[in-house]
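Trainee: I've got a model open on my screen and I'd like to learn how to read it. Could you walk me through it?

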Amino acid sequence: WLVRGFFRFYASVFDWGQEVVSIRLGERVPRGDDRFQRLPHRQATRLHIEDPYELDRNLHCVLGQEQEEKLKRALKRDAALVNDGFPPAGLACLWVRALASPMLLPQNPPTPPLAASAPPWHL
C-alpha cells in the first residue's frame, strides 16, 4: 500500500534532521551533500524539505519546533494505525466515505484475503 509505505517511511525510515526531502532529485540525500549548498539552515537537526523550484528555500520554515514535533508524533501514530489496518486519523472519514460510494472506488479493485474480524476499511 502506498499510504502504509508513506507513513512507515516518514515515521521510522527517514533520518529526520539528517536527510533532505528532495522531490527534484527523487532520492534520499544527506543534508551535507554538495547539491544542497544553497539550502539554508541545513545544518540544523530539523526536517529539511527542498523547494523544487526555489533551491535556496528550505520548506521547513513554515513549521516551528513545536509544530515539527507534533508532525513527527502524528506520523508515528498514523503509521501504527495504518500498519494495523486502520485509516490514518485525518483520513478516516474519507476512507469510510470512499467505501460507501462505488464511484470513488476503482472499477476492479484487488481483493486481498481478509480475516473474519477485519475492519471494513481494510478493503
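**Reading the model**

Mentor: Sure, let's start with the layout: from the N terminus on, the elements run α-β-β-β-α-α. That comes to three helices and three strands. Keep in mind that this is a predicted model.

Trainee: How much of the protein is buried, and what does its surface consist of?

Mentor: Of the 123 residues, 26% are buried. The accessible surface comes to about 8,400 Å², and carbon and sulfur atoms account for 59% of that.

Trainee: Okay, now the rings. How is a pair of aromatic rings described?

Mentor: You need the distance of the centres and the angle of the planes. Searching the whole structure turns up six aromatic pairs. Take Phe-6 and Tyr-10: their centres are 5.2 Å apart with 55 degrees between the planes, a tilted pair.

Trainee: Why are Phe-6 and Tyr-10 separated by about one helical turn?

Mentor: Because they sit four residues apart in helix H1, which covers residues 2-13.

Trainee: Are Phe-6 and Tyr-10 buried, exposed or partly exposed?

Mentor: Phe-6 has a relative accessible area of 43%, so it is partly exposed. Tyr-10 comes in at 21%, and the cut-off for buried is under 20%, so Tyr-10 counts as partly exposed too.

Trainee: Which other pair could I practise on?

Mentor: Try Phe-9 and Phe-14. The ring centres are 5.8 Å apart and the planes meet at 50 degrees, so this pair is tilted. Here the two partners fall into separate classes: Phe-9, at 22% relative accessibility, is partly exposed, whereas Phe-14, at 8%, is buried.

Trainee: Which residues form the aromatic cluster?

Mentor: Phe-6, Phe-7, Phe-9, Tyr-10, Phe-14 and Trp-16 form one cluster. So both pairs we just went through have their residues in there.

Trainee: Let's leave the rings. How do I read contacts between residues that lie apart in sequence?

Mentor: Start with the overall number. Among contacts between residues at least 6 apart in sequence, 37% join residues at least 24 apart. Then pick a single residue, say Pro-40, which lies in the loop between strand E2 (29-30) and strand E3 (48-49).

Trainee: What does Pro-40 touch, leaving aside its neighbours within four places in sequence?

Mentor: Pro-40 is in contact with Asp-56, Arg-57 and Asn-58. Look at Asn-58 in particular: it is 18 residues away from Pro-40 along the chain, yet their C-alpha atoms are separated by 6.1 Å.

Trainee: And is Pro-40 buried or partly exposed?

Mentor: Partly exposed, with a relative accessible area of 27%.

How values were computed:
Residues numbered from 1 in each chain as written. Predicted model: local features only at pLDDT ≥ 70, side-chain atom pairs only at ≥ 80, totals over all residues. Heavy atoms only, no water. Phe/Tyr/Trp six-rings, centres within 6.5 Å; stacked < 30°, edge-to-face > 60°. Helix = DSSP H or I, 4+ residues; strand = E, 2+ residues; numbered from the N terminus. Buried < 20%, exposed > 50% of the residue type's maximum accessible area, 1.4 Å probe, protein only. Contact = heavy atoms within 4.5 Å. Areas by Shrake-Rupley, 256 points an atom, 1.4 Å probe, with all protein chains shown as cover.
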